[in-house]
Amino acid sequence: IDVLDLYSLVKNATIQCSADSTIAEALVAAGYLGASPEQPSLAISLKTLELFRRIRLRKASFSLEAYTQVICDLYMIPFQRRYRTALSDAFDVYLSILRRIDQHITEALGRQGPSYRALNACPPCCYDLKDEPPLKFTRMIAIDANFSLKRIAPRSRQTGDQRVFEESDYYLSDAFVNKFSHEVKSPPSQHDVGPEQVDTEQVDPEPEGPGDAPGDPTGHGHTDSLCTDCWKAAANDEKKKMWAIFEESGLFASACRHGMILWLADMVRSGELAKYPLAVIAKALEVLPPRWLVGYDIGCVFNTTIANSSLGPLFKQQECRCCVNAFHGYAHSFDCQKKHHPNVIDGMGLEDLETLERIFSSSNQLAGVTRYMSKYRRRVFIDLFFQQWDADKYANLGTMLYNNYVQALRILDNDGASFSDVKTTLGITETDLERWEKEEAKYFSTLGQEPQYDAIKTTYVGLLQEMCELSSKFESSSSRFLTSTPAEASEDTYATILSQTRKLETERRYASERHESIIREVIQIEVKLGIEKRWTPSSPEYQDALAYLRDQKYHRALDKLQRLVVQRLFELQKLNLSFTGYRMRTHIAKSLQARCKAIRNAIKQYNTAAENLNPPRPTLDWSRVSHYSFLEEFNLLHDTRHDLRQKPWVDLVIRETMKQHNQLKRAREEIHRCNIEIRRLHTSIIDEEVSFSNILLALKASGSKFLGAVKEYTTRRRRTNVQILAKIYMTYNLPGFSGIPKAGHRMGSPMVGRDPLDIDNIVDLDGGDEMGDPDEDDEDVTDEIGRIIDYISELPCKE
């Protein structure tokens, strides 16, 4: 039979086939896999298939066609599509065989069950120990959508691969997700999201069924935040449409704080509908223990969505909550940040919950190779990618916890002494800082809320001003129409004179109709407010409302400036993301130039409004605004009706001290959590080693045919555990480590016999102390990105 073998480069092989075996069995026994099951004309070596699988695990964008071309080059033959088709078919079968073997391995290890992976894959999250101190949040979860992994919809005639991949325990079924399609209804919204915010792929909605009324993720259109208008994920669901050419428009994912994937859901012919995060929340409520926290880029308004759904009572009963991610949180209103940002939530530690941004940055490699795949193969490759992702994240657990511990200790060492000195110098206590935090949060919670009566009065004054202006225009247009004298008529000028006369009549009629309309509106407001005598510019009420109107213009100018600066910050960050293509980078660069010009114009409008206030507010210049990074720098300028100068928390030194106080609290919480998670990880490795030894002995004694497969798995896992243990012991030896430097006992499990000396000595087999500093290169990369962003932000902008 003709064969492809990347290692030997032989072109054909002779395979002995006995009477009691099939051709497929004989090929596999000889180390080959046929391209077809019955009478194959070409076979691919198992080593060649395994090499491709390993390459794809490490480089997800590597395509099957590229691999086939490499094989053809090595065989010194032109590329032929039949080889690619044969390799694709054989690879599908090879992956199916490996999945069957993995099922037997999990059964042999006692790890089967529909929710076993979600409950046990991440030991720091789920390996609860006896007598360990409590955590405020048992788990921290991040959820978000990614639109890179789209798939082109098949043509109307369903042909080709119709298989359904249901062997993954990552995916939530479509039926489960669709149960939440009608959880939250979408009412008419008073604050629709504008087209400049919801700017991605919104055409041709595909109804999900008869009478479908998709939910509103902001929770019945009512939120306790002004963030709804700023995030397309918080828009009404009818706005979240997708190009009809895509069958799957993206992926909705969830992961724990350590990067381990929990559940996935395909977004089918839609945008980021409410049913996808609700399905994840429902699964978490069903599977996970209580008191977990979920981070979402619209976590502030999603709290309301959950409360208005059938999940609300259980969500509240289990004491769960939502928050926003750290980076995305800085684009939310400052009022929202004071409630939902990780920096101000007790028990969060230093976690930013931006886990999925890092995951999507890596999974975007799949986009190029899955866009035109069948639904079956797309899910197979996504499942394969995330299996390897979880394996890598498990191997990195020791390093992550070590780095987090070092970061927390560094914050305490660097800021602890200076914080104490500042408290002494200012004569304040931590109780004062916490009281001012509450005062500040209360202030921002009511910032920008206009009393209805004041709003009506400003509308009334605005109408009076417009009425006066229209009266002048009406008189002017009437005068021009009545006093216009036509020139001496001629054939050439008659049409021109007729056109001018009609324009004057139209202008006069429009001014008259508009003037009458304004008068009717003015009378309606006068009746509503009980105004007996119409206000004039000299009236005290008119002057008060005029001053309020100037404040309103000031607020709106400041809001516009704030929005433009926030968009600029996000575009600068996007410019440095991995896998941002050349066209996207070019588009962002042009957008930044336009944004800078828009910011300059917005600054001019703001300065005009600020100077019209009484007393005038400070003006801004470009050099100051271009360095803004936190929204509080805008919001502190908002309130002109109350004097904030006497508030202690307005003082810059006090504000920095309050931030430092929060940072120190988060660092102590991170150390507390790391102490627990490191010990959990240590204990799980020791228990797993004992379990592996017992299982291997039992399989060997029973003569199991899966002994070799289980042994290969345990060998890989043990070598990974060696590296993790090396980092655990490095953490134990840190100056300032305050945890228990030894393993514990898992809650609910019997006390098993151990030989801790052997487990400890396993570290020396791999030279754990010679690993070096794992975050040295990462810090260099981070510093370089920071320098690039600083450089771009200082570039001059053309007028």
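**Exercise 1. Work out whether Leu-9 is buried, partly exposed or exposed in this predicted model, and which residues share its surface patch.**

*Solution.* Start with the number: Leu-9 has a relative accessible area of 33%. Buried would need under 20% and exposed over 50%, so Leu-9 counts as partly exposed. Next, place it in the chain: Leu-9 lies in the loop that links β1 (2–4) and α1 (23–29). Now look for company. Val-70 and Leu-74 join Leu-9 in a nonpolar patch on the surface. Taken together, Leu-9, Val-70 and Leu-74 offer about 210 Å² of accessible area.

**Exercise 2. Do the job again for Arg-99: is it buried or exposed, and what does it contact?**

*Solution.* First find the residue: Arg-99 belongs to helix α4 (residues 81–108). Its relative accessible area comes to 13%. That is under the 20% cut-off, so Arg-99 is buried despite what you might guess for an arginine. Then list what it touches. Skip the neighbours within four places in sequence, and Arg-99 is left in contact with Phe-165, Glu-167, Tyr-376 and Val-380.

**Exercise 3. Sketch strand β8: which way do its residues point, and which strands flank it?**

*Solution.* Begin with the side chains of β8, residues 292–295. Trp-292 and Val-294 go one way, Leu-293 and Gly-295 go the other, and all of them are buried. Then draw the partners. Strand β4 (residues 139–146) runs parallel to β8 and is joined to it by four bridges. Strand β9 (residues 321–323) is also parallel to β8, with three bridges between them. Finally, pin the sketch down at Leu-293. Met-140 sits opposite Leu-293, and in β9 the bridge partner of Leu-293 is Arg-321.

**Exercise 4. Check the span of helix α24 against what is expected, then see what follows the helix.**

*Solution.* Helix α24 covers residues 652–702, which gives 51 residues. At 1.5 Å a residue, the expected span is 75 Å. From first C-alpha to last, the helix reaches 73 Å, close to that value. Step just past the end of α24 and you meet Gly-703, with a positive phi of about 70°.

**Exercise 5. Zoom out and describe the chain as a whole.**

*Solution.* Count the elements: there are 27 helices and nine strands. Then burial: of the 799 residues, 47% are buried. For the surface, the chain exposes about 41,200 Å², with carbon and sulfur atoms supplying 53%. Last come the contacts: among those between residues at least 6 apart in sequence, 78% link residues at least 24 apart.

Key
Residues are numbered from 1 along each chain as its sequence is written. This is a predicted model: local features need pLDDT of at least 70, side-chain atom pairs count only at pLDDT 80 or more; totals for chains, interfaces and linings use all residues. Side-chain values use heavy atoms; hydrogens and water are left out. Patches are made of residues with over 30% relative accessible area and no salt bridge: like charges are joined within 9 Å, nonpolar side chains (Val, Leu, Ile, Met, Phe, Trp, Tyr) within 5 Å. Accessible areas come from the Shrake-Rupley method with a 1.4 Å probe; for residues, only the protein chains shown count as cover. A salt bridge is a side-chain nitrogen of Lys or Arg within 4 Å of a carboxyl oxygen of Asp or Glu. Helices (H or I, at least four residues) and strands (E, at least two) are DSSP runs, numbered from the N terminus. Buried means under 20% relative accessible area, exposed over 50%, partly exposed in between (1.4 Å probe, protein chains only). Contact means heavy atoms within 4.5 Å. Two strands pair if DSSP finds at least two bridges between them. The expected span of a helix is 1.5 Å times one less than its number of residues.
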